[in-house]
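Thanks for making room for me this morning. I would like to walk you through one chain, going from its overall form to its interior and then to a single loop.

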Amino acid sequence: MSNAGGTLTTDLVVVGAGPGGYTAALRGAQRGLDVALVERETVGGVCINHGCIPAKSLIHAAGFQKDIQHWNDIGIETGEVSVDFEAVQAWKNDVVERLTDHIRAGLDDHDVCLLDGTARFLDSSTVVVESERGKRPVEFDHAVVATGSQPVELPGLGFDQDGVISSRDVLQLDAVPDELVVVGGGYIGMEAVTKFAKFGASVRVVEARDRVLGAFEEEIVDAIQETSEMYTDGIYTNALATGLEHDDEGRPVLLVDHDGTERRFSADYVVVAAGRDTTAARERLDLENTDVEVTERGYIVTDDQLRTTDDTIFAVGDAAGEPFLAHAAYREGKVAAAVAAGDDAALGTDYLPSVMYTDPEVAVVGRSESEARETYDDPLVGRVPMATSGRALSANKPAGYVKVVAAPDGTLLGAQVVGARASDTIAEATLALELDATIDDLRGTAHAHPTFPEALADAADDAVGESIHSH
Ligand code: NAD
């Protein structure tokens, strides 16, 4: 890396230090490139600072009541319990800080030059990094755009209105609100329900479609909706949030068209979780000075090597479009950096697991039963209830099921897990798919007993009518 006349010259410049960006920077450095990483906020991006990690930390903390109930159920008496939410938030912030410190140390160890500021493309080989300290040109051989996404703002429900907050703000509240209304029954909305309802808030979800969690098949949604309703005041589907008023006390009142009937929901906060937008984050990037093309939906066009339509520029993570998942960004960051370093890397398969931290957890990978039926008349399908798992029962977590789907010749097509530790169990199914495993491979793999993933092998047995535990 050279620093002549204030202009930095580097092999690789990465714009955005979220999961896609910091991974690209580290992998580029590991492959021998000089790397500069530009970030205007904090390393770790939305996932680590304002999304996955704080959300999962709060979900973990919110589980206390159910855990206590569980201990009481199995004969362990507990005394009075109180929640110091400020202390919970301090602990959550500490989790975030430990992770961001670790990333910073990694960047340091790998001699990645971290530049504080906003990057703007001057052309296909130069960005200028603007900060309070001024402007600094950076000349590069390759660039990776990893600018992420921001919460979508709905018309009439802007985040500048009193009481309207984003999925980012809701993680920073210093007290548990009495009442929340969540607009959007997607991943973020349902995870918000999970944590705040458990902390004792009354939570309502307003979802425009006819069911929440539109990305998941109905069988899964039913399993979640059942449990969600146990701890929320209501999930309203076919309910379109149309606007906002404030009551006499200044509290927000959400206006909702619910199946043609106007409803008004007042709350302490209206949380808008209606999807993510990638364009606002790129606003000051000046991509028009390059040959990078953007789709109608605002995503940067990339190929399976994460190359954009400009030879020198890559794009990874949310900036390159759906799925908006941190683990997709991590994979993409590694591939883009390796290609920039001269390797012939590419994204391999379509097996990207999706995990939702509701209660119980949901994790899916590959094809669902209904998707398999679009191709095969008689796919092999095995399904076992979690209540037949020795591990699930001994952990007092019997809710949910494990399902595997395979082609008639036994080739595994997908798996769906609803239940405790679903987020962990799905890893085995993902590896099995990656290795083109069959139902027999799953059946023939020795599983330690008692464990949650054992249910995968039992579901594989069930797919050929030979389940030992489910009957
Ligand atoms: P989403 O697209 O999953 O859900 C948004 C929902 O809002 C949709 O169901 C939509 O119908 C509804 N909606 C939009 N406008 C509405 C209106 N006016 N009234 C009522 N409903 C309305 O988006 P999200 O939940 O914001 O999540 C964004 C992305 O973040 C997801 O695509 C996901 O990939 C990612 N994410 C992943 C995880 C995870 O992996 N565990 C967790 C959180 C977020």
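I will begin with the chain as a whole, then turn to its nonpolar cores, and finish with one hairpin and an arginine beside it.

Please keep in mind throughout that what you see is a predicted model. The chain contains 14 helices and 22 strands, and its C-alpha atoms fill a box of roughly 75 × 65 × 45 Å along the principal axes. For 471 residues, a compact globule would be expected to have a radius of gyration near 23 Å, and because the chain comes out at 24 Å, the two agree. Of those 471 residues, 51% count as buried, while the surface that the chain exposes amounts to about 21400 Å², with carbon and sulfur atoms supplying 45% of it. If we take the contacts with a separation of 6 or more, 62% of them are between residues 24 or more positions apart.

Let me move to the interior. In soluble globular proteins, nonpolar side chains tend to be buried together. Here the largest nonpolar core has 36 residues, and among those with the most contacts inside it are Val 170, Met 190, Phe 196 and Phe 216. Several elements each supply at least two residues of this core, including helix H5 (85-109), strand S9 (179-183), helix H6 (187-198) and strand S19 (362-366). Which helix gives the most to this core? That is H6, with 5 residues. As for Val 170, leaving aside residues up to four places away in sequence, its contacts are Ile 165, Leu 180, Phe 196 and Val 271. There is also a second, separate core, made up of 30 residues, and Leu 33, Val 112, Ala 146 and Ala 338 are included in it.

Now to the hairpin. S12 and S13 pair in the antiparallel sense over 7 bridges, and within this pairing Leu 244 stands opposite Leu 254 in S13. The hairpin has 5 residues between its two strands, and in the turn Gly 250 has a positive phi of about 85°.

Arg 251 lies in the loop between S12 (239-246) and S13 (252-258). What does the side chain of Arg 251 meet in a polar contact of 2.8 Å? The partner is the side chain of Asp 268. Not counting residues up to four places away in sequence, Arg 251 also touches Glu 179, Glu 245, His 246, Ser 266 and Ala 267, in addition to Asp 268.

I will stop there and take your questions.

Conventions. Residues are numbered from 1 along each chain as its sequence is written. This is a predicted model: local features need pLDDT of at least 70, side-chain atom pairs count only at pLDDT 80 or more; totals for chains, interfaces and linings use all residues. Side-chain values use heavy atoms; hydrogens and water are left out. Helices (H or I, at least four residues) and strands (E, at least two) are DSSP runs, numbered from the N terminus. A polar contact is a pair of N or O atoms within 3.5 Å; within protein, one must be able to donate a hydrogen and the other to accept it, and residues adjacent in sequence count only if both atoms are side-chain atoms. Contact means heavy atoms within 4.5 Å. Two strands pair if DSSP finds at least two bridges between them. A nonpolar core is a set of buried Ala, Val, Leu, Ile, Met, Phe, Trp, Tyr and Cys residues joined through side-chain atoms within 4.5 Å. Buried means under 20% relative accessible area, exposed over 50%, partly exposed in between (1.4 Å probe, protein chains only). The radius of gyration is taken over C-alpha atoms; the globule rule is 2.2 Å times the number of residues to the power 0.38. Accessible areas come from the Shrake-Rupley method with a 1.4 Å probe; for residues, only the protein chains shown count as cover.
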